[in-house]
Amino acid sequence: MQNFLFYSPTEVVFGKDAELQTVQEIQKFGGHRVLVVYGGSSAVKSGLLARIEGNLKTKGMEYELLGGVKPNPLLSFARKGVKQATAFGADFILAVGGGSVIDTAKGIAHGAANPDIDIWEFWCGREIEKSLPVGAVLTISAAGSETSNSAVLTNEETGEKRGLPSDFNRPKFAIMNPELTYSLPSFQIACGITDIMMHTLDRYFTPTEGNQLTDGIAEALLRTAIENGRIAMKNHSDYDAMSELMWCGSLSHNGLTGLGAAADFAPHKLSHELSGKFDVAHGAALSAVWEAWATYSWKEKPERFVRYADKVWGIQKEKPEDAVKAGIDATVSYFRSLGMPTCFTELGIGVQNNETLRELAGRVTGNDAYTVGSFKVIHTEDAYCIYQLANH
Ligand code: NZQ
Ligand code: ZN
């Protein structure tokens, strides 16, 4: 087991009617003037936003609304939010939505606390020294941003989609009522299940040996997400299944499922470049590259894939390579059963020419300025080969 520091400070308020505690939580963390950030229309249609506004009014809180965050959220929109938060004098940013809204809220919080710095500088490596507190009312189980240390924005001027890891990205609280996810369309539930699985898979496939507890937690989380994902796809209002998915979503990305081990995250990096260039949903971009990544990488350590097939899918085979293949096939079949794409054409971006694949591969590694992944270390040429395998 490698040395680690585990820090997951977000207060989780989980269950039916949890959103009624939103204002109480904001006050607990010192908020008086709240910028409420939300997405396109779902929080308005469901009545959630009106309920939260009603709560804020009853408690005499000052607030302003900022709606319109789009999936694969844009830097320009976060910059707009910084201006509004600064003009309003916000001292708390409340996100009502999914990963895109929460990540935008995190960006706004960094900008509002540092009005003389353009926020993209933080995404380019400048250290954050202060930020405003952020709280999240979660409406989709997927990205895990409600407890993660990450925020992902797309710079539409350059087409780059980048994550920013920082403890300033940890929300103060996460309100998690599984009933708020009942209104999700099947495609978004499926994207969420995929992303939840991938946050653990991108940690589980690691070169680090001998992490019994962490491996066991990761395998249990994967089995739970797979089983409840099946139920949730059939019945969006199954409280127990939606609860399991919601909790899996947070634990899958707060660090727990990879403690003491080197994380990989190459499939995430490969998928981000697809979302950055083609504006495709995050979960769909992940399932579209995973088979290619697995097929390209398993030989680094076949026994890890053999264990995965056994512990997660209950598959045993005499020959290790048969078990590896069966585990990969089971994963890909599961993605298909959710209606998720498993190659570029299914992702809706068609077959790409070599020039585009080269451009994407270069972006994954900053043209070999750095490598990504740890299970298999990925250089530009590897990224290119993986994209080629998915390019059908
Ligand atoms: O905009 P609205 O109308 O709210 O619709 C959203 C959006 O179209 C809809 N939706 C959300 N809750 C709903 C709902 N529709 C009906 N009923 C509800 N209850 O779902 C769509 C997708 O929303 P989004 O916030 O984009 O989903 P998700 O949570 O999957 O977030 C994806 C973003 O998070 C990033 C991804 O790259 C992507 O940009 N990630 C963030 C991470 C983090 N901060 O730690 C880690 C992840 O790996 C990921 O990269
Ligand atoms: Zn993800």
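**Salt bridges, cysteines and ligand 1 in a predicted model**

Biologist: Is D118 buried, partly exposed or exposed, and what is its relative accessible area?

Modeller: The structure is a predicted model. Buried requires under 20% relative accessible area and exposed over 50%. D118 falls between these limits, so the residue is partly exposed, with a relative accessible area of 32%.

Biologist: With which residue does D118 form a salt bridge?

Modeller: D118 sits in the loop between α5 (99–113) and α6 (120–123), and its partner belongs to helix α4, 39 residues apart, so that the pair links distant parts of the chain. That partner is partly exposed, with a relative accessible area of 28%. The closest N and O atoms of the pair are 2.8 Å apart, and the partner of D118 is R79.

Biologist: Which side chain meets that of E359 in a salt bridge?

Modeller: E359 belongs to helix α15 and is joined to a residue of helix α10 (residues 266–278), 82 residues apart. E359 is partly exposed at 32% relative accessible area, and its partner counts as partly exposed at 36%. The N to O distance is 3.4 Å, and the partner is K277.

Biologist: How far apart in helix α1 are E25 and K28?

Modeller: The side chains of E25 and K28 meet in a salt bridge, at 3.4 Å from N to O, and E11 is linked with both in a network of salt bridges. E25 counts as buried at 2% relative accessibility. Within helix α1 (residues 22–28) the two are three residues apart, which means a separation of about one helical turn.

Biologist: Which side chain makes a polar contact with the side chain of R203?

Modeller: R203, in helix α7 (residues 186–204), is buried yet has no salt bridge; the nearest side chain of opposite charge, D202, is 7.8 Å away. A salt bridge requires a distance within 4 Å. Beyond four places in sequence, the contacts of R203 include S252, T257 and F265. The polar contact has a distance of 3.2 Å, and the side chain is that of H253.

Biologist: How many disulfides does a search of the whole structure find?

Modeller: A disulfide requires cysteine sulfur atoms within 2.5 Å. The search of the whole structure gives a count of zero. C191 is in no disulfide, the nearest cysteine sulfur being that of C343 at 15 Å, and C248 is likewise in none, with the sulfur of C191 nearest at 17 Å. The number of disulfides is therefore zero.

Biologist: Which side chain has a polar atom 2.6 Å from an oxygen atom of ligand 1?

Modeller: Ligand 1 is surrounded by 32 residues, and G40, S42 and S100 are among the closest. H199 places a polar side-chain atom 2.7 Å from a ligand oxygen, and for H268 the distance is 2.9 Å. The distance of 2.6 Å belongs to S148.

Biologist: What separates the C-alpha atoms of V82 and E244?

Modeller: V82 lies in helix α4 (residues 75–88) and counts as buried at 14% relative accessibility. Leaving out residues up to four places away in sequence, V82 touches G107, I108, G111, A112 and I119. E244 is 162 residues away along the chain, and the C-alpha separation is 35 Å.

Methods:
Residues numbered from 1 in each chain as written. Chains lettered and ligands numbered in written order. Predicted model: local features only at pLDDT ≥ 70, side-chain atom pairs only at ≥ 80, totals over all residues. Heavy atoms only, no water. Helix = DSSP H or I, 4+ residues; strand = E, 2+ residues; numbered from the N terminus. Buried < 20%, exposed > 50% of the residue type's maximum accessible area, 1.4 Å probe, protein only. Lys, Arg positive; Asp, Glu negative; His and termini not counted. Polar contact = N/O pair within 3.5 Å; in protein donor to acceptor, adjacent residues only side chain to side chain. Contact = heavy atoms within 4.5 Å. Near = heavy atom within 4 Å.
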